[in-house]
Amino acid sequence: MGLIYLALYKGRGTLFNRLVRLWTRSIYSHCEIVMPDGRWLSASAMDGGVRAKRIDFNPEHWDLIPIPWADTQAIDALFAPEEGGGYDYLGLFGSQLLPVSVHAWWRWFCSELCAHLLGFLMPHRYSPGQLGEVVKLINRILQMQAAHGQRNEQDA
């Protein structure tokens, strides 16, 4: 099995991308889960909602964060019933622009879907930049735990 990544879009993009970056105060305006088989999973307004596709990766436009703790089978199981669902404009505006928790269960926005696929609680509360920070934090915690465990084994 290959590695799973969180892909964060930092390219210029559309006016919508620029508005997301401005509102969230982040360099990122979109995110995707990149599966080991090359599928990029996300919800995209440009693509009509929840979809899997292959993207020509341009490192000038994307940052990839490895997610070694993510499980391919769990992500696929969570993604399958959502594929083909619409884009959640109401949830995006309701949870990102206003302090309310609005979510249409059959629709998703990008960071909401990615957080859901990773098993996070309250996935509608994440922007792409926030999701990237949380994934990096989890990676650091796991690295520290592994290093601490190695030290304990050497002490024994």
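This is a short walk through one structure, from its sheet to its cores, cysteines and aromatic rings.

Okay, one thing up front: what we have here is a predicted model.

Let's start with the sheet. It's an open one, with 5 strands in the order 4-3-2-1-5 and antiparallel pairing. At the edges stand strand 4, residues 49-53, and strand 5, residues 62-66. Each of those has a single partner strand, so one side of each is left without a neighbour in the sheet. On average, and ignoring direction, neighbouring strands are turned by 25° against each other.

Now into the pairings. Strand 1 covers residues 5-9, and 4 of its 5 residues are buried, so call that mostly covered. On one hand, strand 1 is joined to strand 2 by 5 bridges, with the two running antiparallel. Within that pairing, the partner of Y9 in strand 2 is H30. On the other hand, strand 1 is joined to strand 5, again antiparallel, by 5 bridges. There you'll find A7 standing opposite L64 of strand 5.

Moving along, strand 2 is residues 30-34 and strand 3 is residues 40-44; they run antiparallel with 2 bridges between them. If you want a residue to click on, take I33, whose bridge partner in strand 3 is L41.

What lies across this part of the sheet? Helix 2, residues 72-79, lies across strand 2, strand 3 and strand 4. Against strand 4, helix 2 runs at about 135°.

Next, helix 4. How many of its 8 residues are buried? The count is 7 of the 8 for this helix, residues 110-117, so helix 4 is largely enclosed by the rest of the structure. The buried ones are C110, S111, E112, L113, C114, A115 and L117, so you can see from the names that the list includes S111 and E112. After helix 4 comes G119, with a positive phi, near 85°.

That takes us to the packing. As a general point, nonpolar side chains in soluble globular proteins tend to be buried together. In this model, the largest nonpolar core has 29 residues. The ones with the most contacts inside that core are L6, I33, I67, I75, L118, L131 and V135. Who supplies it? Strand 1, strand 2, strand 3, helix 2, helix 4 and helix 5, residues 128-155, each give at least two residues to this core. Helix 4 has the largest share, with 5 residues.

Have a look at V135 while you're there. Leaving out residues up to four places away in sequence, V135 touches L6, I65, P66, I67, W69, L118 and F120. Apart from the big core there's another one, of 5 residues, and among them are A7, Y9, W40 and W62. Hold on to those aromatic names for a minute.

First, the cysteines. How many disulfides does the structure hold? It holds 0. C31 is in no disulfide, and its nearest cysteine sulfur, that of C114, is 3.8 Å away. With 0% relative accessibility, C31 counts as buried. For C110, the closest cysteine sulfur is in C31, at 4.0 Å, which is too far for a bond. C110 has 4% relative accessibility, so this residue counts as buried too.

Now, back to the rings. A search of the whole structure turns up 6 aromatic pairs. Take Y9 and W62: the ring centres are 5.1 Å apart and the planes sit at 65°, so that pair is edge-to-face. The pair links distant parts of the chain, with Y9 in strand 1 and W62 in strand 5, 53 residues apart. Y9 counts as buried at 14% relative accessibility, and W62 counts as buried at 8%.

W62 also pairs with W40, edge-to-face, at 4.9 Å centre to centre and 70° between the planes. Here W40 is in strand 3 and W62 in strand 5, 22 residues apart. W40 is buried, and so is W62. Add F57, and you have one aromatic cluster of Y9, W40, F57 and W62.

Last stop, the loop between strand 4 and strand 5, where we find N58. Buried or partly exposed? N58 counts as partly exposed, with 26% relative accessibility. The C-alpha atoms of N58 and G11 are separated by 9.3 Å, with the two residues 47 residues apart along the chain.

That's my tour.

Note on methods
Residues are numbered from 1 along each chain as its sequence is written. This is a predicted model: local features need pLDDT of at least 70, side-chain atom pairs count only at pLDDT 80 or more; totals for chains, interfaces and linings use all residues. Side-chain values use heavy atoms; hydrogens and water are left out. Buried means under 20% relative accessible area, exposed over 50%, partly exposed in between (1.4 Å probe, protein chains only). Helices (H or I, at least four residues) and strands (E, at least two) are DSSP runs, numbered from the N terminus. Two strands pair if DSSP finds at least two bridges between them. Axes are lines fitted to C-alpha atoms, for helices over the stretch in contact, and angles run from 0 to 180 degrees between N-to-C directions. Contact means heavy atoms within 4.5 Å. A disulfide is a pair of cysteine sulfur atoms within 2.5 Å. A nonpolar core is a set of buried Ala, Val, Leu, Ile, Met, Phe, Trp, Tyr and Cys residues joined through side-chain atoms within 4.5 Å. Rings of Phe, Tyr and Trp (its six-membered ring) pair if their centres lie within 6.5 Å; planes under 30 degrees apart count as stacked, over 60 as edge-to-face and the rest as tilted.
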